Amino acid sequence: MIELVAVGEAVQPRRLNALALELTRIFKVPCQVRAGVVDPAPARDDTRQQYRSTTILDRLRLLNLPNRTRLLGVAAVDLFVPIFTFVFGEAEVDGHCALASTYRLEEERYGLPANEEKLRERLTKEAVHELGHTYGLRHCDDWQCVMASSHSVELVDVKQAEFCEECAAVVREFTRV
Ligand SMILES: [Zn+2]
Ligand SMILES: [Zn+2]
């Protein structure tokens with residue numbers, strides 16, 4: 001089972017619902033949207049004007065989760081970890097919680113017109129990638145695999161939303177009931 005939760009009021013329910021459908025298709029497990037919103041405010045760094053993703057992950061970890069359930073927080077704020085300028089998301093490897101943000105996935109950030117379809121595609125890939133980490137996967141050398149590491153939207157765009165054979169086998173092991 002995968003649960004999605006909005007991190008901040010700016011995340012629209014229709015975005016979460018659309019993502020839930022995609023995740024159900026890719027992971028072949030039920031995926032539902034949790035009621036309520038996790039407030040990202042405590043994670044804000046005023047100097048960087050960004051949000052510390054690890055702090056948000058810590059807050060997600062406080063939510064009660066049935067055993068084996070994975071929780072993905074979806075944010076719309078600019079996330080960072082101290083060693084990077086920004087991150088698209090973060091996850092606990094082999095843990096329960098993951099986080100992804102639409103902020104740096106939007107075409108507008110790169111001076112281009114908004115593109116809803118592209119944003120949806122990118123968010124799906126980022127969500128699958130971060131959830132993949134919670135199933136114990138690390139970065140994959142296959143550049144088309146969703147577990148390939150990607151620090152730019154260009155790299156997000158060239159990979160697929162799906163796992164390569166090897167990564168898919170690991171996920172299947174975990175999601176098998
Ligand atoms: Zn990663
Ligand atoms: Zn792979």
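**Close-up 1. Leu71 and its opposite number in β8.** In this predicted model, Leu71 sits opposite Cys97, a residue of β8. Look at Leu71 from its other partner strand and you'll find Glu3 standing opposite this β5 residue. One step along, Leu72 has Ala98 of β8 as its bridge partner.

**Close-up 2. Strand β5 and the strands it pairs with.** Here we pull back to the whole of β5, residues 70–75. Strand β1, which covers residues 2–7, pairs with β5 in the parallel sense, and six bridges hold that pairing. Strand β8, residues 97–101, also runs parallel to β5, this time with five bridges.

**Close-up 3. How covered is β5?** Quite thoroughly: six of its six residues are buried. Pick either face and the story holds, with Arg70, Leu72 and Val74 buried on one side, and Leu71, Gly73 and Ala75 buried on the other.

**Close-up 4. The full sheet, strand by strand.** Five strands make up an open sheet, in the order β2-β1-β5-β8-β7 and with mixed pairing. The edges belong to β2 (31–38) and β7 (89–91); each has a single partner strand, so one side of each has no neighbour in the sheet. On average, neighbouring strands of this sheet are turned by 20° against each other, ignoring direction.

**Close-up 5. Two helices lying across the strands.** Helix α2, residues 53–61, lies across β1, β2, β5, β7 and β8, and runs at about 135° to β8. Helix α3, residues 116–134, lies across β1, β5, β7 and β8, with an angle of about 160° to β8.

Definitions and conventions. Residues numbered from 1 in each chain as written. Chains lettered and ligands numbered in written order. Predicted model: local features only at pLDDT ≥ 70, side-chain atom pairs only at ≥ 80, totals over all residues. Buried ≥ 20, exposed ≤ 12 C-beta atoms within 10 Å, placed from the backbone. Helix = DSSP H or I, 4+ residues; strand = E, 2+ residues; numbered from the N terminus. Pairing = 2+ DSSP bridges. Axes fitted to C-alpha atoms, helices over the stretch in contact; angles between N-to-C directions. Contact = placed C-beta atoms within 7 Å.
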